[in-house]
Every structure is written in C-alpha cells, then in structure tokens.
Amino acid sequence: MATSPPFPTYPPSPGGGVLRHPHWWQHRWVRYGALSSLLALSGLVILALVRRQTGTEGFLVGLGLAVLPVPWLMAAFRWLDRVEPGPWRNLVFAFAWGACAAALIAIVANSFATKWIATSTADPASADTLGATVIAPIVEESAKAAAVLLVFLFRRRDFTGIVDGVVIAGITATGFAFTENILYLGTAFGTDQLTGDRGIASVTAATFFVRIVMSPFAHPLFTVLTGIGFGVAALSAERQHARRVLLPVCGLLLAMGMHAFWNGSSTFGEYGFFAVYGAFMVPAFAVVTWLAIRTRQRELRTVRAELPTYVLAGWLGPAEPFALGSMRARRMARDYARHHHGRQAAREVARYEACATSLAFLRHRGRNGKAGPDFVVRERELLDELWERRGVARPALEYASRASVPAPGYWGAAAPYGYPAVPYPAYNPYRT
C-alpha cells in the first residue's frame, strides 16, 4: 500500500486563504543573480591579485600547470556521487566558491594577519611560520566550509548524507587548490626567470612535483573532514539540534588540525615533509577514501532494502530494486535505452534512477524517524517523476536485471526479492 496521499497537501496560507506574493528579493532569479555576481566579482578580483603577484607570463604558466589535476579530481568526486547524483548547479557553485570567493578571503585575510603579526613582533620569520601553521588553516578551512554550509542550509533536499558532504567539500577544495596552485606555480616561475634556473632543478619543477604530483589531494582531504561532519549531521533527526551543530564544528576543527600539521611539516627537520607525507597524509587519504566508498556501498544496500515496498504498491516493477541497487545494472540500463531509443532516453533512465534512489533514501529517513515535515509532498513528487518516465525506464531496468543476474535460472519461478513477475497495475492517482 502506497504511503502518499492522492495529491500533495500544502499548509493554508495566512490571511484567510489569500496567497501572498513573495517580495522581490525572495525570487529565485534574484538570489541566483546576486550569488553569480558575487562569485564573478570575486573571480575578477582574485584574477587581478594573482596576476599582479605572478606577472602575466607567470600567471599563464601557473594556470596551464594548475589545471592538470582538476579534471581527474572532479571525475573522482563525480564517480563517488553516481548513486544519487547531485545537480550540476551545486557542483559548479562549490567549485566557483572555492576558486573565487574562498581563495579571495584566504589571500586577503592571510596577508593581513601575517603582516600584523610581523609588525607586532618585529620578527617576520616567526610571523611567516605562525601564518602558515595557524592562521592559514583557520582562515582557509573556514572559507571553504562556508560553501558546504550554504548547500546544507539552502539545498537541503540535495544534501542527504555523508557522500553529499564529501562531494561538495571535495569539489570546493579542488577549486581552492586550483587558484592557490596558480599563485604558487606562477610565483615559482617568476623566481626562475630571475635566477635563470631551468629544467628539473628549477623552483617551478620542484613546486609542480610537490603540489601537483605528490599532493593534489591535500586540500580536498582536509575539507572532506568538514563535509563528513555535515553529512553525519544531515543523517540526524531534526530534533537533534546539538548534534546537527556540533558534528560540522568537529569536522571543521579536524580539517584545521590536519591542515596545520601538514603546513608545519616543513619545520620538522630536513625530512619532516616526507615523513608526514608517508606516515600521515597517505594513510589518512586511504582511510577517507575507504570510508567514502563504503558509504556508497551502504547507499546501494539501502536502495535494495527500501524500494520493494513500492513494488508491492505497484509504483515500481518487480526487477527494479535489484537493478537500481547495482551500479553495473544501472549502467547497462542506460546503455540499453541509448542503443534502442537514443541519448534522450538514456538521460530519462538516468533521471529515473536518481529519483528512485532519492525515494529510497527518503523512506529510509522516514522509517528511522529522521524525515522532515515535507516527507509526504516530497515522496509524491518523486513517485510522479518515476511514473512519467516508466515507459522508457522499466524495459531498460528489466533488461539490465536479467543481464546482470548472478546465476543462471535466477529468474526461474520468481523475480528478484521474491516478488512475482505479474503485469504492472494500471496507474491510479487515488491509490491509497
């Protein structure tokens, strides 16, 4: 029996049922325009600052080298997000915030704080060390965390768990590292121009090796800890206010601590950097990667466990929980739709898979008492989206389920999960 009412219900509007039109600043296009303008302005300012420090030639060299790790870092986070893909606008915002707004905040705040400390203590060397190990981690991680916070607050439907936090945080940090690498590599190139160094012995080559080859994951690793804190908070019940506040704060403090330890590695002696890299950074990266992949697998199990309820209610076909709970079957379904009906059909199947996954997560939160007040409305929206795309998606998912079945004869007398392969019931908008 389906859990949603025939139609979504909305709270009565104040003023005797008269709808109130939103103020001009509440319109979506106004908010998008203001945010886009802010990011564009930040981008122009950071571009001017970096170019002033590196020179035009240094800026172009830094840009060409800094862009190299960006595509595969973005691809890695996007791969992690394939179970329930977030909208591209969130990813674009996260990268733009990291590359523009967060980088601008960091450059201005770090420079101001370091100069103030140097003036106050009359010790520029100590000011630089203190700025790198204390000021920079606090400023930079806070600036990057702001993007995760904004998505958490204003795109709550898209932020449902740990993977979402990891992806938003990682892409924000990728954008930040991109701008920072332009600055460091451009400055190194300018130094080499003055000293005449070339080739593998140059400062540019050394900077490229350390920042691009050895540690392109450094900034994403730090900020992912903040994202995990927000992700666990997203899994908490609405009434657990302290937990939802403290967990992101703890994640942010861990990110700052790891960042400070990494920046301070150069002060640990001649081989301090390599010791910290091998004994701390690489294992930490492996643990975080393992946690993210394990969480993704748990999400697939949640899909397989929650969707059979909608099979019994007639919203989904008998084979769909199995197919939707397997990344291989999902890919096969999209390929089947593309081969038989074209790219648009493949996109419809992909959208169907994403909606079904969101539906499974929504029901999982509801069953654990963690759903928000819009549970019924959101469930109905997702069910309607699935029903609109069933004509293309169901045959593709059925094919994928049969093709990826683990053993011959698995489909014998019954479909996966024990649901009989009966014809789908006709759509009834008044189903209860």
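What follows is a friendly chat about a predicted model of a single chain.

Me: Hi! How many helices and strands are there in the chain?
Reply: Hello! The chain has 15 helices and zero strands.

Me: And what share of the residues is buried?
Reply: Of the 432 residues in the chain, 48% are buried.

Me: What about contacts, how many join residues at least 24 apart in sequence?
Reply: Taking contacts between residues at least 6 apart in sequence, 78% of them join residues at least 24 apart.

Me: Which residues touch the most other members in the largest nonpolar core?
Reply: Those are Trp262 and Met281, in a core of 66 residues. Helix α3, which covers residues 88–121, gives the largest share of this core, with 14 residues.

Me: What does Met281 touch?
Reply: Leaving out residues up to four places away in sequence, Met281 touches Phe217, Ala218, Leu221, Phe222, Trp262 and Val276. So Trp262, the other residue that touches the most members of the core, is one of the contacts of Met281.

Me: What lies apart from that core?
Reply: There is another core, made of 34 residues. Its members include Leu300, Ala345, Phe361 and Leu397.

Me: Changing topic: which residues does UniProt list as "transmembrane region"?
Reply: An unreviewed UniProt entry gives that label to residues 29–50, 59–80, 92–113, 159–178, 217–237, 244–262 and 274–293.

Me: How much of 159–178 is helix in the model?
Reply: That span is 85% helix and 0% strand, and its end C-alpha atoms lie 24 Å apart.

Me: And how far apart are the ends of 217–237?
Reply: There the end C-alpha atoms are 32 Å apart, and the span is 81% helix with 0% strand.

Me: Back to helices. At what angle do α9 and α13 cross?
Reply: Their axes cross at roughly 80° and come within 9 Å. Helix α9 runs over residues 272–306 and helix α13 over residues 343–367. The two helices are therefore roughly perpendicular to each other, since angles of 65 to 115 degrees count that way.

Me: Which residues make the contact?
Reply: From α9 there are Glu299, Thr302, Val303 and Glu306. From α13 there are Thr357, Ala360, Phe361, Arg363, His364 and Arg367. Phe361 also belongs to the core of 34 residues.

Me: How many of the residues in that contact are charged?
Reply: Four are charged, while three are nonpolar and three are polar.

Me: I clicked on Thr172. Buried or exposed?
Reply: Thr172 counts as buried because its relative accessible area is 0%, and the cut-off for buried is under 20%. This residue sits in helix α5. Among residues more than four places away in sequence, Thr172 touches Ala94, Trp97, Gly98, Lys144 and Ala147.

Me: Where is Phe189?
Reply: Phe189 is in helix α5 too, which spans residues 162–195. With 16% relative accessibility, Phe189 is counted as buried.

Me: What does Phe189 touch?
Reply: Not counting residues up to four places away in sequence, Phe189 touches Glu57, Gly58, Val61 and Thr204. The C-alpha atoms of Phe189 and Ala205 are 8.9 Å apart, with their positions 16 residues apart in sequence.

Me: And Leu65, where is that found?
Reply: Leu65 belongs to helix α1, residues 28–66. Its relative accessible area of 22% makes Leu65 partly exposed.

Me: Which residues does Leu65 touch?
Reply: Setting aside residues up to four places away in sequence, the contacts of Leu65 are Leu185, Thr204, Phe208 and Ile212. Thr204 is also touched by Phe189. From Leu65 to Gly186 the C-alpha distance is 9.2 Å, though they are 121 residues apart in sequence.

Me: Last one: is His341 buried or exposed?
Reply: His341 is exposed, at 56% relative accessible area. Helix α12, residues 327–341, holds this residue. The C-alpha atoms of His341 and Val392 are separated by 8.5 Å, and the two are 51 residues apart along the chain.

Terms used: Residues are numbered from 1 along each chain as its sequence is written. This is a predicted model: local features need pLDDT of at least 70, side-chain atom pairs count only at pLDDT 80 or more; totals for chains, interfaces and linings use all residues. Side-chain values use heavy atoms; hydrogens and water are left out. A nonpolar core is a set of buried Ala, Val, Leu, Ile, Met, Phe, Trp, Tyr and Cys residues joined through side-chain atoms within 4.5 Å. Buried means under 20% relative accessible area, exposed over 50%, partly exposed in between (1.4 Å probe, protein chains only). Helices (H or I, at least four residues) and strands (E, at least two) are DSSP runs, numbered from the N terminus. Contact means heavy atoms within 4.5 Å. UniProt positions are given in the numbering used here, feature names are shortened, and annotations may be inferred rather than shown by experiment. Axes are lines fitted to C-alpha atoms, for helices over the stretch in contact, and angles run from 0 to 180 degrees between N-to-C directions. Angles under 35 degrees count as roughly parallel, over 145 as roughly antiparallel, 65 to 115 as roughly perpendicular and the rest as oblique. Ala, Val, Leu, Ile, Met, Phe, Trp, Tyr, Cys and Pro count as nonpolar, Asp, Glu, Lys and Arg as charged, and the others, Gly among them, as polar.
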